[in-house]
Amino acid sequence: MSLCCCGSTDSVRLVHGSSLCSGRLEVRSNQSWSSVCEEDLDLNDTQVVCRELGCGAPGLLQGALYGEREAPVWTSELQCEGNESAVLDCRRSSSPAKTCSAGTAAGLTCTGTKGAWLSYDSVFFGLMSLCLCSDPGGVRLVGQPSRCAGTLEIQHQGHWRQVEDHYGDWDLKSGSAVCQHLDCGSAVSVNRTDDSTHRPVWWVSVPCIKLTSGLRDCVELHDSYKDSSGVDVVCSDLLPQPNISLSDGVFEVYQQGFRVLMGSDFTITCSIQPQYPGGSFQLISDTKKQLNLTLPAVNHSTHFLLSAMSYAHQGDYTCVYHVDVYNHSFSSSQSPALHLTVGDSVTNLIIRVVVLVSALLIFDICLFFFYKVSVKWIRMKAERNTVRVLEETSHL
């Protein structure tokens, strides 16, 4: 299993080093990483690099100290003054088609101890590395109703184990990497929990991870038995998406939604997968007569009774669920939209039926009289023809 841990930010990183604060220096330009020539760096430049990485002051700068370059060479030269907080704040000069001679890709060691305890502990424990980004199923939060809250566990070599937080290093940034990895938003709380049981745990360094890129980098793991203290993480996207439905009223279903009869009462129901007790539902409408109603949840659902359907009620309706848990207030995403349109009222339907029946009746009456008149006219014509024939015969 390869070690992919590195000290990094959005613009600079140290790779293939023995800790988070050492490695071959690479800078990011045009969405790609490039090595830097040793001859292009001075003390001011390295001070800014170590400061940006949170690794203290620069210690050792040496070409090829952490392997030959794999990335292309950066064509710019840093001109830092030493007081900048990030490499991107430094001036730079461009050197087109620049190359580094063999063995001069800059390797940098900062004096900070960020992650340094790992190197010491690896003497006593079998040090293992795990790229969480390559194993999306290898991280979970357990012990709570939602998959986006609970005690952090990591799967390695087929075993799920709790993550040890002996040094209390886990914070919102590292917790957010877990939440992003689980597609649960960002962390709203990260707490250290004491566990007096003797069981195997994973020892995880506070990851060299970036809030903006999730678990792109890796964490390092140790296999150890000891009194453990776990990591409890609560993520912002704690709640699932609620459901919305039309549960009462005179309506018909069509392709775009529901057609409710004009003037009739109707009920919109908001519901959510059972997780936490209580809470409330908010009904929001994008209609001419806009609604923003809130009712408490009962058995994880709420019924909104709306009266006298009119054209002002025509439009889209959505639900949002709110609940207070873990000393925070959480709101779900909006439910899928429920589209309502107006159909004719019952009175109008009755009038239309009466008019239609009356029209059919009148048509039948007219047809009857037409038939009677036509038959009478045919008979009279036949009688005249008969009289004419008789008269003509008598003259003969």
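**Exercise 1.** Determine the handedness of the link of C21 and C55, and locate the two cysteines in the chain.

*Solution.* The angle about the S-S bond is -75 degrees, and the link of C21 and C55 is left-handed. The pair links distant parts of the chain, 34 residues apart: C21 lies in the loop between β2 (12-15) and β3, and C55 in the loop between α1 (43-52) and β5 (58-63). Helices (H or I, at least four residues) and strands (E, at least two) are DSSP runs, numbered from the N terminus. The sulfur atoms of C21 and C55 are 2.1 Å apart, and a disulfide is a pair of cysteine sulfur atoms within 2.5 Å. By this rule the count comes to six disulfides.

This is a predicted model: local features need pLDDT of at least 70, side-chain atom pairs count only at pLDDT 80 or more, and totals for chains, interfaces and linings use all residues. Residues are numbered from 1 along each chain as its sequence is written, and side-chain values use heavy atoms, with hydrogens and water left out.

**Exercise 2.** Establish which parts the disulfide of C50 and C110 ties together.

*Solution.* The sulfur atoms of C50 and C110 are 2.0 Å apart. C50 lies in helix α1 and C110 in strand β8, so the pair ties together parts that are 60 residues apart in sequence. Both C50 and C110 are buried (under 20% relative accessible area; exposed is over 50%, partly exposed in between; 1.4 Å probe, protein chains only). Four of the five residues of strand β8 (residues 106-110) are buried, so β8 is largely enclosed by the rest of the structure.
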